[in-house]
Amino acid sequence: ALQRATLESKSQVGSIFQVLNTKESPPTYFQTNKFTSAFQEIVDAYGVAKYQEANPGVYTIITFPFLFAVMFGDWGHGICILLATLYLIIREKKFASQKLGDIMEMMFGGRYIIMMMSIFSIYTGLIYNEFFSVPFELFAKSAYACRDSSCSDSTTEGLIKVRDTYPFGVDPVWHGSRSELPFLNSLKMKMSILLGVSQMNLGIFMSYFNAKFFRNSVNIWYQFVPQLIFLNSLFGYLSMLIIIKWCTGSKADLYHVMIYMFLSPTDDMGENQLFPGQKTLQQVLLLLALVSVPWMLIPKPFFLKWEHERRHQGHQYAMLEGADESVVAELGEHNEESNHHEEFEFSEIFVHQLIHTIEFVLGAVSNTASYLRLWALSLAHSELSTVFYDKVLLLTLG
């Protein structure tokens, strides 16, 4: 392009003086617009993808607002935030030309993120059936009714199922009942783990597409495959148990199942057995998880060393007979340096791989636990909404 410009402008001076060959990768540029730029900035705050790698910012447009909405599930609050952000979006030309305060500028910059968060909050609020913590029979009447006339307050006890299951979201009769917290806690805790495991799997699959694009078979076989096996043999299995428990209505204690899978995998499971052959499957999955750790750690550095040596074969020079002694000495030193450099490179790669393996193994456990904050903050939001409704709105309305 520069040479064409030089010719077309009939310039007397060439635009390119010296071509610089480099092995450094070019900088990364992702084209964004006013909607996607804020999402891209969030991703870039954690780390910028390498040149030509897949851009996780695309997935963040959905996952970020949705995970927020899981914690902020209330369609009344969602509507309030949506109205506020629509005001910012409708008058964005006016606000863009003005100098706003620090907090206002931050809100204006993230107006599309907040809009997405509010839309998802309305959706999850309908699932949780909460409007400022008040349940509504929006889609049908509650499936439960009072057993007899003595059961005056149907939100305490004595309820029986008289209709079809409530079609969408949580049945309104759960709210305010004695079993509300145990039921919703169990639901949200298990849901958080399912969402967390699926999102971690998405990250691992993205590493596969990166490796496939760069034709890096070492990363596919010695990073992607063992990572996928390790995560799913432990937490993928836990997710499967959650779904089986939901479908069968089993009383099995999943904490107990997962703990004793490690502590005593050969013991009889008793009442915690969810399906036949569960003990054998657990032993196989545990073995796979244990095998995948050295599979991640050991082969990759040796393959990289082998590739490096193969690439540099034929690049070594042999001494001619009768050469000057000083030249021989100098080349001998150079060979020693290059061998030392090669050895240092290998140890550096091995340490890097060791750190990467430890980080993944510990991260798989700690990240799964971290996703439980979806449940914790959802519970906190729900309880604070209830307190606000009872102690502020109802007292104000008299």
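This report walks through a predicted protein model, from its overall make-up to a few chosen residues.

**Ground rules**

The model is predicted, so local features need pLDDT of at least 70 and side-chain atom pairs count only at pLDDT 80 or more, while totals for chains, interfaces and linings use all residues. Residues are numbered from 1 along each chain as its sequence is written, and side-chain values use heavy atoms, with hydrogens and water left out.

**The whole chain**

The protein has 14 helices and two strands. These elements are DSSP runs, numbered from the N terminus: helices are H or I with at least four residues, and strands are E with at least two. Of the 398 residues, 32% are buried. Buried means under 20% relative accessible area, exposed means over 50%, and partly exposed lies in between (1.4 Å probe, protein chains only). Contacts can also be sorted by distance along the sequence. Among contacts between residues at least 6 apart in sequence, 69% join residues at least 24 apart. A contact here means heavy atoms within 4.5 Å.

**A salt-bridge network**

How many salt bridges does the count give? It comes to two. A salt bridge is a side-chain nitrogen of Lys or Arg within 4 Å of a carboxyl oxygen of Asp or Glu. Side chains of opposite charge can pair when their charged atoms come close.

E92 forms a salt bridge with K34, with the closest N and O atoms 2.6 Å apart. This pair links distant parts of the chain: E92 sits in helix α5 (residues 92-97), K34 in the loop between α1 (2-8) and α2 (37-46), and they are 58 residues apart.

E92 also meets R111 in a salt bridge, at 2.9 Å from N to O. This pair, too, links distant parts of the chain, with R111 in helix α7 and E92 in helix α5, 19 residues apart. Shared partners join K34, E92 and R111 into one network. E92 counts as buried because its relative accessible area is 12%. R111 is buried as well, at 9%.

**Residues from buried to exposed**

The table places six residues by element and accessibility.

| Residue | Element | Relative accessible area | Class |
|---|---|---|---|
| S121 | helix α7 (residues 111-128) | 0% | buried |
| H381 | helix α14 | 13% | buried |
| E92 | helix α5 (residues 92-97) | 12% | buried |
| F132 | loop between α7 and β1 (144-146) | 22% | partly exposed |
| I81 | helix α4 (residues 75-90) | 23% | partly exposed |
| K10 | loop between α1 and α2 | 67% | exposed |

Take S121. Leaving out residues up to four places away in sequence, S121 touches F68, A69, F72, G73, D74, W75 and G78.

H381 touches M71, F72, G73, D74 and H77, with the same neighbours left out, those up to four places away. What does the side chain of H381 make with the side chain of H77? It makes a polar contact of 2.9 Å. A polar contact is a pair of N or O atoms within 3.5 Å; within protein, one must be able to donate a hydrogen and the other to accept it, and residues adjacent in sequence count only if both atoms are side-chain atoms.

Now I81. Setting aside neighbours within four places in sequence, I81 is in contact with F72, I114 and S118. I81 and I114 are 33 residues apart in sequence and 7.5 Å apart in space, C-alpha to C-alpha.

Two loop residues have a notable backbone angle. K10 is not a glycine, yet its phi is positive, about 50°. F132, also a residue other than glycine, has a positive phi near 50°.

**The cavity**

The count gives one cavity of 30 Å³ or more. A cavity is a set of points, on a 1 Å grid over the protein atoms alone, where a 1.4 Å probe fits but cannot get out; lining residues have an atom within 4 Å of a point. Grid points are joined across faces, edges and corners, and a volume is the space filled by probe spheres set on the points.

The largest cavity has a volume of about 50 Å³. Which residues line the largest cavity? They are E180, L181, L184, N185, K188, L379, S382 and E383. The elements giving two or more residues to this lining are α8 (180-213) and α14 (373-397). Helix α8 supplies the largest share, five residues. By class, the lining has three nonpolar, two polar and three charged residues. Nonpolar covers Ala, Val, Leu, Ile, Met, Phe, Trp, Tyr, Cys and Pro; charged covers Asp, Glu, Lys and Arg; the others, Gly among them, are polar.

Technical notes:
On a 1 Å grid over the protein atoms alone, a cavity is a set of points where a 1.4 Å probe fits but cannot get out, and a pocket is an open set with protein on both sides within 12 Å along at least five of seven lines; lining residues have an atom within 4 Å of a point.
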